[in-house]
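Trainee: I would like a close look at a single part of this protein, with its surroundings explained step by step.

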Amino acid sequence: MFTQINSKMVEAPVVPGQRLFSQRGAMLAYRGQVTFTPNIMGGQGGIGSMLGRRIANEDTPLMTVEGSGSAMFGHGGHHTHVIQLTGDTLYVEADRLLVFEGSLQQSTMFMGSQGGLRGIIRGQATGQGLFTTTLTGHGSAAVLAHGGVFEIPITPDRPIHVDPQAYVAHRGEVRSKVSTAIGWREAVGRGSGEAFQLELTGNGTVFVQASEEKL
């Protein structure tokens, strides 16, 4: 399990026979016998996952972390947030994913599959492309955000509306779609929270950053 050292740094145990995957350049310090190797396959998702990010202009190189000890991670002075998965799925933009345990199954999802055209509009609005990374299983992950993260529960009787640029990640059985205050053709060119609302419905949690700045 990852430890939140402070608002901008997490520490992850490195156990023999188990691997971590981290953003390249995110290692700040380590203890023990730990190795960091470039992951040319783009993590557990293999070539399909890597190609998905390349197509979306979201190529986020990963490092494989192995050995015995612990490692501390942070990136660009951004706030970090630890998420513990217990068999569910986390949806997070690839460039916001700081480090995750190899026990989690990684894949890439096309955002258009969640809401059709509205999902595609959301990708244009956030400027982060149409693909997102999913992590499923039991283990820890840490994400990056501006100004800290707060968690908002999503329940069937209480859907949540989030500014797409403040969205960091979500987990659980959740559907996402974008609603706009104006026509979608105009909205694609604006990318503003005033034009967009990301509506999340179902059972789960959405992670929202305190600033709308992009990473």
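Trainee: In which sense do strand β3 and strand β7 pair, and over how many bridges? Please take β7 as the part to look at closely.

Mentor: Keep in mind that this is a predicted model. Strand β3, residues 20-23, pairs with β7 in the antiparallel sense, and the pairing runs over 3 bridges. Within it, L20 is placed opposite E101 of β7.

Now for the setting. The protein has 3 helices and 13 strands, and 50% of its 215 residues are buried. Strand β7 covers residues 97-101, and 5 of its 5 residues are buried. In general, nonpolar side chains of soluble globular proteins tend to be buried together.

The next step is to see what β7 is packed with. The largest nonpolar core holds 17 residues, and L97 and F100 are among those with the most contacts inside it, along with L90, L135, A141 and F207. Strand β7 is one of the elements that give two or more residues to this core, the others being β6 (79-92), β9 (131-145) and β12 (167-180). A second, separate core has 14 residues, including L98 as well as V65, A71 and F73. In general, side chains in a regular strand alternate between the two faces of the sheet.

L135 shows the first of these cores from another side. Apart from neighbours within four places in sequence, L135 is in contact with L97 and F100, and also with L85, D88, T89, L90, L104, Q105, Q106 and A141. Contacts across the sequence are a general feature here: of the contacts between residues at least 6 apart in sequence, 83% join residues at least 24 apart.

One of the contacts of L135, D88, also has a charged partner. D88 forms a salt bridge with R171, with the closest N and O atoms 2.8 Å apart. R171 belongs to strand β12 and D88 to strand β6, so this pair links parts of the chain 83 residues apart. R171 has a relative accessible area of 15%, and therefore it is buried, the limit being under 20%.

The count of salt bridges comes to 2. The other one joins E11 and R31, whose closest N and O atoms are 2.3 Å apart. Because E11 is in strand β2 (residues 9-14) and R31 in strand β4 (residues 27-39), the pair ties together parts 20 residues apart in sequence. E11 counts as buried at 17% relative accessibility, whereas R31, at 48%, counts as partly exposed.

Conventions
Residues numbered from 1 in each chain as written. Predicted model: local features only at pLDDT ≥ 70, side-chain atom pairs only at ≥ 80, totals over all residues. Heavy atoms only, no water. Helix = DSSP H or I, 4+ residues; strand = E, 2+ residues; numbered from the N terminus. Buried < 20%, exposed > 50% of the residue type's maximum accessible area, 1.4 Å probe, protein only. Contact = heavy atoms within 4.5 Å. Pairing = 2+ DSSP bridges. Core = buried A, V, L, I, M, F, W, Y, C linked by side-chain atoms within 4.5 Å. Salt bridge = Lys/Arg side-chain N within 4 Å of Asp/Glu carboxyl O.
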